Amino acid sequence: MHDTASSASQVLEWPRLLDLLAQQAQSSLGAARCRALSLTEELAVAHRRQQETTEMVRLLQGDEPMPALSFPDIRESVVRAGKGGALEAQDLKECAVALAHMEELKQYMVQAHIDAQMLAQIVAPLHGIKWIRPVRSAIDAAIQQDGTINESATPELRRLTHHAQELKQEMREHLEQILHSRRYEEVLQESYFAQREGRYVVPVKADMRGRIPGIVHDVSASGATVFLEPRELVELNNSIKVADLDVEREVRRILRELTALIADKSDQIRQGIEVLTEFDCLRAKAELSRKLRCNPVHVNERGRVVLKEARHPLLMVTQKQVVPNDIVADETIRVLVISGPNTGGKTVTLKIVGLYALMIRAGLHLPCAPESEMALFTQCYADIGDAQDLSRSLSSFSAHMTQMVQFLSDAGKRAEAGESVVPRSLVLLDEPVTSTDPPEGAALAEALLCRLASLNMKVVATTHYNQLKELAQTMPGFANASVEFDVARLAPTYRLFMGIPGGSSALEIAGRLGMDEAIVNDARRRLRHEDRRLEQLMADLQQKQRQLTEDVERAQRAREEAEQSATEAKALQEKLEQAEQDARKGIKKKLGEQFQRARAEVQATVDAVKREQKLIKAKEAKQRLTEMEVQVRKELALASEPIPIERLNSGDLVEIAGLGMSGSLLEAPQGKKHVRVKVGEGEVLATVANLIGLAVETSSTPSASLTERPHQFTTSGGFGLDEQTVVDVRGQTADDALDHVVRALDRAALTGERFVRIIHGHGTGRLKVSLREYLKDSPYVEEFHPGDRSEGGDGVTVAKIR
């Protein structure tokens, strides 16, 4: 038996999952944090960690890209700076990179904090750091990307660097003269110069070095060449050495100044690195959640385990297809006994429960359905695999028993200490009490499970013992589950069935693995009659359960398909209705354009009438305009929204579908199959089902016809004339108001009015802007202006007719 703090996590392969998590991190510190995740024992902390991961997933799925978190580990440099040590240029450059990451994360969370309140609290310390940019800018200005000092870091460094470069250029010119001099032609080994110990030298033949006075700084490996500094270059070399030392001294001074900036803020920088590390770890959790298609689940302290479509997280990485299973051990179940054939997935199920218990405590999402629930277990014990220890002369049975005795002793002490009755311990037993006499082993395993249940622990155990299957079927607080074995294919399906035990199918599996058929048949005959009946009964139960599961799945798919069909039908209906509305709007727009062209034509006619001053011409134009108005308004009415039959009354305008006729109702249609409709001068008996109610635009005043005379009044304002046509559109939409104004302009142009006074009010100003935009392009309007104070000021627009 193992505690999570020791080898329980090993048998559950928790380190492998943490390695997978660390691979999602972008920084070395984030990866290290992932591999050392702490496991909480508090429900509130578990909830908070789940929420943090959920918020991070939401940010990763958002439109705003998250800044990179591949920051360097500068903790050692910051500590050294804090203790007074000088940092090298590369160390300082890494500090600047880390500071840049802090600044980017801070700016990102300014925008993202609304959707990530928990993450905003983690990043909050960065908002108190106001000095990041000036410190980073100072380092970036002095140190280049490759970690070398920028020669223009200070004016003094620039001056010293240029001086050193000038001396070196002078040296190169001297060396070129030497290399091409007749004096050195015989003594030089080759025509080139080099540097030794920071001083310029030339390669001289060893046997001729006495012919050139100077200082030997090095000898070649063969001894044939000496590297000589000619005496004539000594003083210039000395000057170069002094210049280089001056440059180095200035560089050291700059590095000390920059180091001081880091040292002064060392505590805050360490805090910022901690924020970046935690944020990178949370990002890794979110990336793993997306990679494994995980979900946040409800966490409880009642020992309730309800996992829907649960999958082993490590299998999801290594296998293309993983069979999901429902695992249910709610608060009414203390012991879940899983049976079935070997290689069927019993141990995998055991590890799923154990891994999920650890993942919840670490703040990881679970690879299961979102409606799942997982209990918070503060202790997790696992006895999985062979515990044989030859160094202690312990057999498998003895080793298991030793661990169990120790565990029961610890559990008894906690019970005496008065621990909560709520299940806080999870016990995972893989085939308990085996490697001994089967009857005695089964009896001991049964007593062990009963003891663990009495201690109020949550136990999940696998077994081949029929006695344990019977116990789980009859004892309150116990439950059976089994992994399926497909006898027809002689292969496991890895499906888990809750509520029924499963047979071991040992003989079938042996035959599938190649065991001689005669041996298998002989073994089957040697089985007790009761055992054969029990195996057959469990096989029949599994077959019925499989059939029931398949029926439920088919019914579920049928319901989902029906719901999808209903949704698609509704969407199609809405699409058709929208298309119909769009079509009506299109017709109305087209008719409006035609009406506008007609107005222009009428205006031209009116202008001609004014020029020719002929009464007959005026009457003809008036009649033509009236006919056009009636026809267009009839067409616009047909393009409007239909009125439901139940709202129609006698006198309402209707269209008779299929006949292409419209008229007015002579009687109310409610409760009738046929009604009389007046069409022109005659009557038609129409079927109520074929009627379409037509919405007709009406004017708020009797003067809706272009042939009627508008209201007139006298004013001393405006353009100085006395008669104005008044149209009040206050409170109307822009489209409705525009219709009324256009009709008023039609009337004014036809009747010879010089001005139209439009009352639109102030309001938000949208109505005024829309109307004045139209007046700019109207063929009727010569000019317009706001009314004066006596007319209503800017709440009125006065238009002058052409």
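Tutor: Two strands are said to pair if DSSP finds at least two bridges between them. Keep in mind that this is a predicted model.

Student: What makes β16 and strand β20 a pair?

Tutor: Strand β16 (residues 653–656) and strand β20 (residues 691–694) are joined over three bridges, in the antiparallel sense. The cut-off is at least two bridges, so the three bridges between β16 and β20 qualify them as paired. In β20, Gly-693 is the bridge partner of Val-654.

Student: How do you know which way the side chains of β16 point?

Tutor: In general, side chains in a regular strand alternate between the two faces of the sheet. Strand β16 shows such an alternation, with Val-654 and Ile-656 pointing to one face, where they are buried, and Leu-653 and Glu-655 pointing to the other, where they are not.

Student: Why are β1 and β3 called edge strands?

Tutor: They belong to an open sheet of four strands, in the order β1-β2-β4-β3 and with antiparallel pairing. Within this sheet, β1 (194–196) and β3 (214–219) each pair on one side only, and these are the edge strands. From one strand to the next, the twist averages 50 degrees.

Student: What makes β1 and β2 a pair?

Tutor: Strand β2 (residues 199–205) is joined to β1 by three bridges, and the two run antiparallel; the cut-off is at least two, so they count as paired. Ala-194 stands opposite Val-201 in β2. Helix α9 (residues 155–179) packs on the sheet, where it touches β2 and β4 (225–230), and its direction makes about 10 degrees with that of β2. Helix α11 (residues 231–264) packs on the sheet as well, touching β2, β3 and β4, with a direction about 75 degrees from that of β4.

Student: Why is Leu-228 called buried or exposed?

Tutor: Leu-228, which lies in strand β4, has a relative accessibility of 1%. Buried means under 20%, so Leu-228 is buried. Leaving aside neighbours within four places in sequence, Leu-228 is in contact with Val-201, Val-202, Val-204, Ile-212, Gly-214, Ile-215 and Val-216.

Student: What makes the meeting of Arg-33 and Glu-278 a salt bridge?

Tutor: Their side chains come to 2.7 Å, N to O, and the definition asks for a side-chain nitrogen of Lys or Arg within 4 Å of a carboxyl oxygen of Asp or Glu, so the pair qualifies. Arg-33 lies in helix α3 (residues 28–35) and Glu-278 in helix α12 (residues 266–291), so this salt bridge ties together parts that are 245 residues apart in sequence. Arg-33, at 23% relative accessibility, counts as partly exposed, and Glu-278, at 22%, is partly exposed too.

Student: How do you know that Glu-484 and Arg-495 form a salt bridge?

Tutor: Their side chains meet at 3.9 Å, N to O, and the limit is within 4 Å, so this pair also fits the definition. Glu-484 lies in strand β13 (residues 478–486) and Arg-495 in strand β14 (residues 491–498), so the tie spans eleven residues in sequence. Glu-484 and Arg-495 are both buried.

Student: Why is Arg-559 called partly exposed?

Tutor: Its relative accessible area is 48%; exposed means over 50% and buried under 20%, so Arg-559 falls in between. Its salt-bridge partner is Glu-563, at 3.9 Å, N to O, and both lie in helix α20 (residues 529–612), four residues apart, about one turn of the helix.

Methods
Residues numbered from 1 in each chain as written. Predicted model: local features only at pLDDT ≥ 70, side-chain atom pairs only at ≥ 80, totals over all residues. Heavy atoms only, no water. Axes fitted to C-alpha atoms, helices over the stretch in contact; angles between N-to-C directions. Contact = heavy atoms within 4.5 Å. Buried < 20%, exposed > 50% of the residue type's maximum accessible area, 1.4 Å probe, protein only.
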